[in-house]
Amino acid sequence: MPLTPFTGFGPGKAILLGEHAVVYGYPALAGPLSRGVTARAFPSKRCQLSIPPSIRGERRRLLATAFEKAAQATGRPLVRVEVESDLPLSMGLGSSAALAVACARVLLAAARRPASCKQVARVADEMEREFHGTPSGVDHTTSAQGRLIFFRRRGKTDQVKPVECPRPLKLLVALVGERGPTKQTVAALRARRDQWPSRYGRLFDEVGALAAEGVKAIERGDLAALGDAMNVNHGLLSALQLSSEGLDVMVHRLRRLGALGAKLTGAGGDGGAVLGLFLEPEPAVARLSREGVRCFVSQLAGPREL
Ligand code: PMV
């Protein structure tokens, strides 16, 4: 074990198009955020996660159980893992997947096992199943890949395709408020879909078509077309009863500030985050911050300024 600890980073994620439908095998488009979770592994007598005392009760148990799954999958290297995050929790930005990817990276490194994106995603999946039950895999796959991807759930062989953008693809991420667990929102939608399968099937078909169109728009550098797909996707998420007054108000606020497209991201429900696609998001971030909105800029793809 080296004197300096192993470190691993798991970025948060933003789903540009296709959340929820992705659970049912439709495509989604997602990319990594600049913020995320950093894990550090120190030599120890046993493989363990340091959980801050402020985390108690059910959350503490869940974290410990999830980490145990990743420890098992990597042969229990003798390390104590500490984590640090600059990602807001329970906002639809993939904080649990980022944690899982950061832990997977340091455990694989400490165990001296190969750590390709696929292997990292496989270990992270063990943790995500504890957090979410039956995740589609889009969150931890995006975090493990660390780049914009087209994702389609296909059981053991998920379809994962990197998507290149010839222009900077920049988002404004606005936080609306903490929301309920993804597991509950996904289960409630499943119950509605089981009751009215053909109506919900039609909406999912349309969401899937938008994700496929979004990929083509990005590859052409046509951000106006991507923005329009995001706007329509928000309308469909609203039709699926996954939006709320707070999310809708923020979507309209970002559009008034010049967003090419704006939509909720992640599971939605009674809170979460809204994405605004802007050519230059910085002035909108400055203005919203002055008005008391928690928000930040993240570039998901495309050439970066040096
Ligand atoms: O937990 P969140 O808010 O990051 O959302 C995950 C995305 C869903 O499509 C709603 C669920 C899934 O497993 O893909």
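**Close-up 1. Strands β7 and β9 side by side in the predicted model**. Here β9 covers residues 272–278, and seven bridges tie β7 to it, with the two strands running antiparallel. To get your bearings, find A174: across from it in β9 sits V274.

**Close-up 2. β7 again, now with strand β10**. This pairing is antiparallel too, and it runs over six bridges between β7 and β10 (residues 295–301). A174 is a handy landmark here as well, since C295 is its bridge partner in β10.

**Close-up 3. How β7 sits in its surroundings**. The strand spans residues 169–177, and eight of its nine residues are buried, so β7 is largely enclosed by the rest of the structure. As a general reminder when looking at side chains, those of a regular strand alternate between the two faces of the sheet.

**Close-up 4. Helices α6 and α7 crossing**. Take α6 as residues 197–220 and α7 as residues 223–239: their axes come within 9 Å and cross at roughly 165°. Anything over 145 degrees counts as roughly antiparallel, and α6 and α7 are therefore roughly antiparallel to each other. The handedness of the α6–α7 crossing is left-handed.

**Close-up 5. Who touches whom between α6 and α7**. On the α6 side, the contact is made by L203, E206, V207, L210, G214, A217, I218 and R220. Facing them from α7 are A225, L226, A229, V232, N233, L236 and A239. Sorted by character, the residues of this contact come out as eleven nonpolar, two polar and two charged.

Technical notes:
Residues numbered from 1 in each chain as written. Predicted model: local features only at pLDDT ≥ 70, side-chain atom pairs only at ≥ 80, totals over all residues. Heavy atoms only, no water. Axes fitted to C-alpha atoms, helices over the stretch in contact; angles between N-to-C directions. Helix = DSSP H or I, 4+ residues; strand = E, 2+ residues; numbered from the N terminus. Parallel < 35°, antiparallel > 145°, perpendicular 65-115°, else oblique. Left-handed = near helix turned anticlockwise from the far one by under 90°. Contact = heavy atoms within 4.5 Å. Nonpolar A, V, L, I, M, F, W, Y, C, P; charged D, E, K, R; others polar. Buried < 20%, exposed > 50% of the residue type's maximum accessible area, 1.4 Å probe, protein only. Pairing = 2+ DSSP bridges.
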